[in-house]
Amino acid sequence: MEEVVSYLLKHVYAAPTQMATVFDMQERTVDGKNYYTFEYALTNRNFSRAAFATLGIGNGRYYTLIVGANERRWRRVRNQLKVVADSFKMLDI
């Protein structure tokens, strides 16, 4: 999974001028479905942003929920955003 997260950060979530740093990764299983949540930061020389991304694969599709804030607000809202990221669930369709 680390390779997938690294690829997503470098080639999907980050702009070419941003540096990606992963701080934490967690895996959980709910109702037989696997979810992967990781905390990361994207930084360039003018701006820094931190976020949680939760990935899930189900119903033959790939789902992503991303919640984040700029670095200045991150410390204040981090715990609330973690609750949101951990609440992500896929429905059977």
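**Note on the helix, cores and cavity of the model**

1. On the other side of H1 from its buried residues, Glu 3, Lys 10 and His 11 are exposed. The model under review is a predicted one.

2. The buried residues of H1 are Val 5, Leu 8, Leu 9 and Tyr 13. Viewed along the axis of H1, these residues fall within an arc of 95°, so they line one face of the helix. An α-helix has 3.6 residues a turn, so residues three or four places apart point the same way. The cover over the buried residues of H1 includes the strands E1, E2, E3 and E4, the last of which spans 61-70.

3. The largest nonpolar core is made up of eleven residues. Its members are Val 5, Leu 8, Leu 9, Tyr 13, Ala 14, Phe 38, Tyr 40, Leu 42, Ala 51, Ala 53 and Leu 55. Helix H1 (2-13), strand E2 (33-43) and strand E3 (48-58) are the elements that each give two or more residues to this core. The greatest contribution is that of H1, with four residues. Apart from this core lies another, of seven residues, including Ala 50, Phe 52, Val 67 and Trp 74. In soluble globular proteins, nonpolar side chains tend to be buried together.

4. Ala 51, a member of the largest core, deserves separate mention. Leaving aside residues up to four places away in sequence, Ala 51 touches Phe 38, Glu 39, Tyr 40, Ile 66, Val 67, Gly 68 and Trp 74. Among these contacts are Val 67 and Trp 74, which belong to the other core.

5. Ile 66 is a residue of strand E4. Ile 66 counts as partly exposed because its relative accessibility is 33%, a value between the limits of 20% for buried and 50% for exposed. With residues up to four places away in sequence again not counted, Ile 66 touches Tyr 13, Tyr 40, Ala 51, Phe 52 and Ala 53. Between the C-alpha atoms of Ile 66 and Phe 52 the separation is 5.7 Å, although the two residues are 14 residues apart along the chain.

6. The structure contains one cavity of 30 Å³ or more. The largest cavity holds about 40 Å³ of space. Its lining consists of Asp 24, Met 25, Gln 26, Thr 37, Phe 38, Glu 39, Phe 52 and Lys 82. Strand E1 (19-30) and E2 are the elements that give two or more residues to this lining. By class, the lining residues comprise three nonpolar, two polar and three charged. Phe 38 is thus named both in this lining and in the largest nonpolar core.

Methods. Residues are numbered from 1 along each chain as its sequence is written. This is a predicted model: local features need pLDDT of at least 70, side-chain atom pairs count only at pLDDT 80 or more; totals for chains, interfaces and linings use all residues. Side-chain values use heavy atoms; hydrogens and water are left out. A nonpolar core is a set of buried Ala, Val, Leu, Ile, Met, Phe, Trp, Tyr and Cys residues joined through side-chain atoms within 4.5 Å. Buried means under 20% relative accessible area, exposed over 50%, partly exposed in between (1.4 Å probe, protein chains only). Contact means heavy atoms within 4.5 Å. On a 1 Å grid over the protein atoms alone, a cavity is a set of points where a 1.4 Å probe fits but cannot get out, and a pocket is an open set with protein on both sides within 12 Å along at least five of seven lines; lining residues have an atom within 4 Å of a point. Grid points are joined across faces, edges and corners, and a volume is the space filled by probe spheres set on the points. Ala, Val, Leu, Ile, Met, Phe, Trp, Tyr, Cys and Pro count as nonpolar, Asp, Glu, Lys and Arg as charged, and the others, Gly among them, as polar. The arc is that of the directions from the helix axis to the C-beta atoms.
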